[in-house]
Amino acid sequence: MFIRYLRLGNSLWNLKYSVTNKTVKHLCIPFCHLSSSTTVHFQEVREKKFEEKLDYPLELIRNFSIIAHIDHGKSTLADRILELTGAIKKNEENKQVLDKLQVEKERGITVKAQSASIFYHHNNKDYLLNLIDTPGHVDFSYEVSRSVAACQGVILLVDANQGVQAQTVANFYIAFTSELTIIPVLNKIDLKNAKPEEVTEEIMTIFDIDPDSILKISAKFGTGVDDLLKAIVDRIPPPTNCDRSAPFRALLYDSWYDKYKVRMLILVGVICQIFVVDGTISVGDQIQSHHTGKSYEVKNIAYLSPDERPIQKLLAGQVGILSANIRETSEALIGDTFHLKGQKIEPLPGFKEPTPMAIICLVHVVTCNNYLQVYAGIYPIESNDQLALKNAIEKLTLNDSSVKLSVESSNALGQGWRVGFLGLLHMDVFNTRLEQEHGTPVVVTTPSVSYKIIRRIVRNIPKQKSKKATVVKEEVEEFIVNNPARWPEDAANIETYEPMAKATIITPEAYVQNILPICEERRGEQVDIKDLDSKRVIMVYKFPLNEIVVDFFDELKSVSSGYATFDYEDAGYELTDLVKIGIKLNGNLVDELSFIVHRSKAQVVGRKICLKLVETLPRQLFQIAIQAVINSKVIARETIRAVKKDVLAKCYGGDVTRKMKLLQRQAEGKKRMKMIGNIEIPRNTFIEVLKK
Ligand SMILES: Nc1nc2c(ncn2[C@@H]2O[C@H](COP(=O)(O)OP(=O)(O)OP(=O)(O)O)[C@@H](O)[C@H]2O)c(=O)[nH]1
């Protein structure tokens, strides 16, 4: 449908419009969305009575998350729930509607927990259900921990064909330790090879769950979802420990920066998602952050259903979003408590002070900590994009508070940031979002985990009374290195410790023999191995984190035909013998390519990286000598021969436009590279070298 004429007046454009047989009521579109040729997809807007009815008593509210292993159907179930409750119109095209980010749509995975308030009629009562769809991949388990802080119950979804998998177990324990009501649900019962009886047995034995409490559904076709909605109301308790007559307190559990609205002057700055624990908050109130002490006027309040619906107030027990002229992203700290200005309140539990290098903090059941993070340097492709990248990173960390951030600089790449992620997929998604949502493509340096170094220095200190006699004093210094460029040179005086991870692998028995050697190759130490059921085995390993963060999961999938699943948790630091391998290109040390490795693997890994560089670096107009070195000793070397690349070589005849196109394409290719010294390095080289 094309709108050819627009009357622009205020920031929100209200329109009564009739399309074929459907009447669209009060269609609210920010006018700036529209131009004379904008295609508008009409959706029937919810009747106003729902907004008035957001005033639900506590006993009619249910807050819950959907948790599961990756791809077990969380977002599909959220679609069906939204359809059944009328939040969205039933439509064949409703596929993962809560996955709003471009990167989520492109990859078909959820990376951000998303919520929606929906309305459900049951037993002659209207209920307000606040649903949170969570990601399933291990790299985003922090999102699950963050979400359950605003819930009293979870739907634990298990694929009736695949059964319990590694993240099913991990997510179960997040909910279990948070003392939430768990509704176990078997999904995909429509599949020909679904094994509901077998999987029920598994759930019963692994989680000690009563088999009669397990519901069976097909999220794809909607089978059983009505019964699930009834179970949500009947089994999950209303918000506990909420008091509407007490002074206002709310937990800030997510925040983001809506650059579109800011640009269009619809609001200023940061949007905060809150769970109101006590009291009421209304538009116009003055609120204060407990942790920064700063106060703001509440400009807008809304709930998501799943689109934004403005309302005037939120009451205890409800979740919603507010904007309050918070300009600095560092002022919206996840886990912070908001209260009315000047009022003394007890802060809500779960807030962790940000460390000086981190601009973010963690809430509730904290699953992400320093040990398990993977660090990489992030730099703008063009050095004059520095400021734009700074702004983009700040805004994105607001919406992804599990990342850790500090400033760093590199001789070759200039000023940049050292960023800690929860895994390589997380890193990849973060960088893709920088490019897609903020238009700031980046160069990422070789990732590294954070190592602990203990340096012991023995000093002879003169005794006070006698100038000749001395006492021997040992000074111990402990520090963390997450950038190989900062690895200490004085190897003799240091002890090196690497972060360890306790990993759980669940696999069909047939693949155990394929998995054992890859675990051994990555210095894994088997802690336990036992049958999960008649066909599957659960293996517990202790691995150096460094060995599994890059591509272990891919290799595991490949040797088990995609059947093995994997989850890991922190297992502290262990003393080990580590060395730094430096990479020299034509005699110049490229610190951004250096990495830390166990001494026993240095030779093999050094050679592998040199060969990888031969594959990855484009041939240039001169020869490139690649060397892997430990201190100054060369442990491996390779050479890339020179080439003179004439892109016009095949372009006979005088077609100027074709020649121009070829030259332009070549120039664009070069833009995507980074010059280090006089050598062009493609952007992905720093990560590719670490992969098998
Ligand atoms: N046959 C069948 N397929 C389903 C069902 N539910 C989900 N699927 C399919 O399973 C795949 C994964 O579904 P998603 O809803 O994206 O899974 P998810 O758990 O949200 O995935 P992540 O958020 O990335 O962890 C999609 O192809 C769905 O169409 C079901 O009940 N039956």
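The legends below describe close-up views of a predicted model.

**Figure 1. Overview of the predicted chain and its division into domains.** The protein holds 16 helices and 36 strands. Of its 692 residues, 41% are buried. Among contacts between residues at least 6 apart in sequence, 70% join residues at least 24 apart. The assignment divides the protein into domain 1 (58-235), domain 2 (249-340), domain 3 (374-445), domain 4 (453-576) and domain 5 (579-690).

**Figure 2. The contact of domain 1 with domain 3.** The C-alpha centres of domain 1 and domain 3 are 32 Å apart. Nine residues from domain 1 and nine residues from domain 3 take part in the contact. On the side of domain 1 that touches domain 3, six residues are nonpolar, two are polar and one is charged.

**Figure 3. Packing of helix α2 on helix α7.** Helix α2 spans residues 74-84 and helix α7 spans residues 225-235. The two helices pack at an angle of about 85 degrees, and their axes lie 10 Å apart. An angle of 65 to 115 degrees counts as roughly perpendicular, and α2 and α7 are therefore roughly perpendicular to each other. From α2, the residues R80, I81 and L84 meet V225, D226 and L229 of α7. Sorted by class, this contact has four nonpolar and two charged residues, with no polar residues.

**Figure 4. The loop between β7 and α6, with K188 and K192.** Strand β7 covers 181-187 and helix α6 covers 196-207. K188 lies in the loop between them, as does K192. The phi of K188 is positive, at about 65 degrees, although K188 is not a glycine. Most residues other than glycine have a negative phi. K188 counts as buried because it has 25 C-beta neighbours inside 10 Å, the threshold being 20 or more. K192 has 5 such neighbours inside 10 Å and so counts as exposed. The C-alpha atom of K192 is separated by 8.8 Å from that of N161, a residue 31 positions away along the chain.

**Figure 5. An open sheet of eight strands, with helix α9 packed on it.** The strands follow the order β13-β12-β18-β9-β10-β17-β14-β15, and their pairing is antiparallel. Strands β13 (295-297) and β15 (308-311) form the edges, each pairing on one side only. On average, neighbouring strands of the sheet are turned by 40 degrees against each other, direction ignored. Within the sheet, β9 (residues 249-257) runs antiparallel to β10 (residues 270-278), and eight bridges join the two strands. At one position of this pairing, S255 stands opposite C272 in β10. Helix α9 (residues 386-399) packs on the sheet and touches β9 and β10. The direction of α9 makes about 140 degrees with that of β9.

**Figure 6. The cis peptide bond between S305 and P306.** The bond joining S305 and P306 is cis, with omega of about -15 degrees. Most peptide bonds are trans. P306 is found in the loop between β14 (300-304) and β15. Strand β15, which follows this loop, is one of the edge strands shown in Figure 5.

**Figure 7. Strand β26 and its pairing with β24, β28 and β29.** Strand β26 comprises residues 494-508. Four bridges join β26 to strand β24 (residues 451-462) in the antiparallel sense. The pairing of β26 with strand β29 (residues 565-576) is also antiparallel and has ten bridges. Strand β28 (residues 536-544) pairs with β26 over nine bridges, again in the antiparallel sense. Y497 appears in two of these pairings: K452 stands opposite Y497, and L575 is the bridge partner of Y497 in β29. Elsewhere in β26, I505 stands opposite M539 in β28.

**Figure 8. R523 in the loop between α11 and β27.** Helix α11 spans 512-521 and strand β27 spans 525-531. R523, a residue other than glycine, has a positive phi near 60 degrees. With 19 C-beta neighbours inside 10 Å, R523 counts as partly exposed, because a residue is buried if 20 or more lie within that distance and exposed if 12 or fewer do.

Note on methods. Residues are numbered from 1 along each chain as its sequence is written. This is a predicted model: local features need pLDDT of at least 70, side-chain atom pairs count only at pLDDT 80 or more; totals for chains, interfaces and linings use all residues. Two strands pair if DSSP finds at least two bridges between them. Axes are lines fitted to C-alpha atoms, for helices over the stretch in contact, and angles run from 0 to 180 degrees between N-to-C directions. Two residues are in contact if their C-beta atoms, placed from the backbone, lie within 7 Å. Domain bounds come from an automatic or database domain assignment. Ala, Val, Leu, Ile, Met, Phe, Trp, Tyr, Cys and Pro count as nonpolar, Asp, Glu, Lys and Arg as charged, and the others, Gly among them, as polar. Angles under 35 degrees count as roughly parallel, over 145 as roughly antiparallel, 65 to 115 as roughly perpendicular and the rest as oblique.
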